Amino acid sequence: MADLPPFEPTSFKYTQSPNPSWSFGDPITTTEDGRKWVEDEKQGWKTIDATKEDPRTLYALSVSGLVPRPIAFVSSVAANGSENIAPFSWFNQVSTNPPVISVSCSPAGRHKDTANNIRETKGFTVNIISEPWIVQANAASIDAPAEINEWTVTGLTKEPSISVTAARVKESAFTMECELLQHIEIKNAAGGVAADLILGTVKYIHIRNAVLNDRGLVDPVKLRPVSRLGEIAYATIGDVFRIPRPVWKDEKDELENKFGNALL
Ligand SMILES: Cc1cc2nc3c(=O)[nH]c(=O)nc-3n(C[C@H](O)[C@H](O)[C@H](O)COP(=O)(O)O)c2cc1C
């Protein structure tokens with residue numbers, strides 16, 4: 001990797017959408033980029049039978065295709081007080097009322113310490129990673145024995161939480177204190193554990209003022225989050241654009257005029 005150019009901190013800009021003059025029903029071939037995308041289909045398809053594919057190939061393919069994934073940097077504590085921190089990209093929000101997030105720990109031969117800790121002590125924190133400290137967060141994925149404290153390896157700073165024993169990461173601009181809501185064991189064909197799916201209720205959210213926009217929401221340009229791609233690849237989010245979500249009552253007349261019965 002030494003032959004690659006050095007990392008440059010992202011300077012995002014807000015841009016127009018890829019096709020600002022698009023109107024309902026227009027095919028993707030109305031832009032040059034869209035035409036190229038359609039053209040590429042001539043290379044054909046590779047179709048995988050997920051029930052028969054080798055699990056390692058399926059893993060590599062899945063994590064390269066399900067992208068970009070947000071990353072939960074999860075801090076947890078065992079019943080004996082041993083602390084743990086590790087990144088998990090099989091992560092997302094499940095609901096906001098109540099606020100619930102999901103994290104999936106895939107055992108790889110043993111239950112991961114994070115899953116064990118959360119089941120033992122219930123509380124954990126999910127910290128969103130920003131560009132300046134992705135290397136530190138990545139170091140925490142080391143496959144160290146349970147008694148090793150990954151915090152020391154990362155060089156990151158512990159900040160006490162309000163409602164859970166697990167510390168939060170002081171360097172994180174967006175942290176959620178969570179409490180175990182439900183643990184679901186996903187089984188493999190042999191009856192072994194394929195994954196520990198953790199559902200956690202969000203109790204507190206800590207947000208750095210510096211990443212908020214004037215509407216009190218997190219500005220991605222300021223947060224500079226890092227996402228996970230396939231293999232060992234990460235990505236920054238790049239330029240940002242906004243596309244309004246269509247509302248039926250505002251668009252109904254235009255849609256009915258344009259498409260008539262084809263809408264039904
Ligand atoms: C960016 C990144 C994302 C990861 N996502 C996951 C994941 O979603 N699920 C998982 O089981 N392991 C994932 N891992 C691997 C864990 O971080 C790694 O196994 C870690 O050692 C688990 O720590 P623990 O056993 O201390 O809980 C990921 C690793 C990296 C670097």
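Two strands are said to pair when DSSP finds at least two bridges between them. That definition underlies several stops on this tour of a predicted model.

**The whole chain**

Begin with the entire chain in cartoon view. The chain contains seven helices and eleven strands. Its C-alpha atoms fill a box of roughly 65 × 50 × 45 Å along the principal axes. Of the 264 residues, 33% count as buried.

**The hairpin of strands 8 and 9**

Select strand 8, residues 174–187, together with strand 9, residues 193–207. The two strands run antiparallel and are joined by 13 bridges. Two partnerships may be displayed as sticks. Methionine 176 has isoleucine 205 of strand 9 as its bridge partner, and glutamine 182 is matched in strand 9 by leucine 199.

Next, move to the turn of this hairpin, where five residues lie between the strands. Glycine 191 should be selected here, as this residue takes a positive phi near 90°.

**From strand 9 to strand 4**

Keep strand 9 in view and add strand 4, residues 99–105. Strand 4 pairs with strand 9 in the antiparallel sense, over six bridges. Valine 103 is a useful residue to label, with isoleucine 198 as its bridge partner in strand 9.

**Strand 5 and its two neighbours**

Now select residues 123–127, which form strand 5. Is this strand enclosed or open? Five of its five residues are buried, so strand 5 is largely enclosed by the rest of the structure. Showing the side chains helps to separate the two faces: Gly123, Thr125 and Asn127 point one way, whereas Phe124 and Val126 point the other way.

Add strand 8 again. Strand 5 and strand 8 pair in the antiparallel sense over five bridges. Along this pairing, glycine 123 has glutamate 179 of strand 8 as its bridge partner, and asparagine 127 is matched in strand 8 by threonine 175.

Then add strand 1, residues 72–77, which runs antiparallel to strand 5 and is joined to it by four bridges. Asparagine 127 appears once more at this stop, since phenylalanine 73 stands opposite asparagine 127 of strand 5.

**The ligand and its shell**

Select the ligand and display the residues around it. How many residues surround the ligand? There are 19, and the closest are Asn84, Pro87, Trp90, Ser106 and Thr114. By class, this shell has seven nonpolar, seven polar and five charged residues.

Colouring by secondary structure shows where parts of the shell originate. Strand 2 (83–88), strand 4 (99–105) and helix 3 (113–121) each supply at least two of its residues. The largest share, four residues, comes from strand 2.

Three distances can then be drawn from the ligand to the protein. An N or O atom in the side chain of asparagine 84 is 2.8 Å from an oxygen atom of the ligand. A polar backbone atom of serine 104 is 3.0 Å from a ligand nitrogen atom. At serine 141, a backbone N or O atom lies 3.1 Å from an oxygen atom of the ligand. Taken alone, the ligand exposes 640 Å², of which the protein buries 90%.

**Glycine 238 and helix 7**

For the last stop, select glycine 238, in the loop between strand 11 (234–236) and helix 7 (248–259). Is glycine 238 buried or partly exposed? Its relative accessibility is 23%, so glycine 238 counts as partly exposed; the class of buried residues requires under 20%. A distance drawn from its C-alpha atom to that of valine 103 gives 25 Å, for two residues that are 135 residues apart along the chain.

Continue along the chain into helix 7. Between its end C-alpha atoms, helix 7 spans only 14 Å, whereas a straight helix of twelve residues would span 16 Å at 1.5 Å a residue. Finish at glycine 260, just after helix 7, where the backbone takes a positive phi of about 50°.

Terms used: Residues numbered from 1 in each chain as written. Predicted model: local features only at pLDDT ≥ 70, side-chain atom pairs only at ≥ 80, totals over all residues. Heavy atoms only, no water. Near = heavy atom within 4 Å. Polar contact = N/O pair within 3.5 Å; in protein donor to acceptor, adjacent residues only side chain to side chain. Areas by Shrake-Rupley, 256 points an atom, 1.4 Å probe, with all protein chains shown as cover. Nonpolar A, V, L, I, M, F, W, Y, C, P; charged D, E, K, R; others polar. Buried < 20%, exposed > 50% of the residue type's maximum accessible area, 1.4 Å probe, protein only. Expected span 1.5 Å × (residues − 1).
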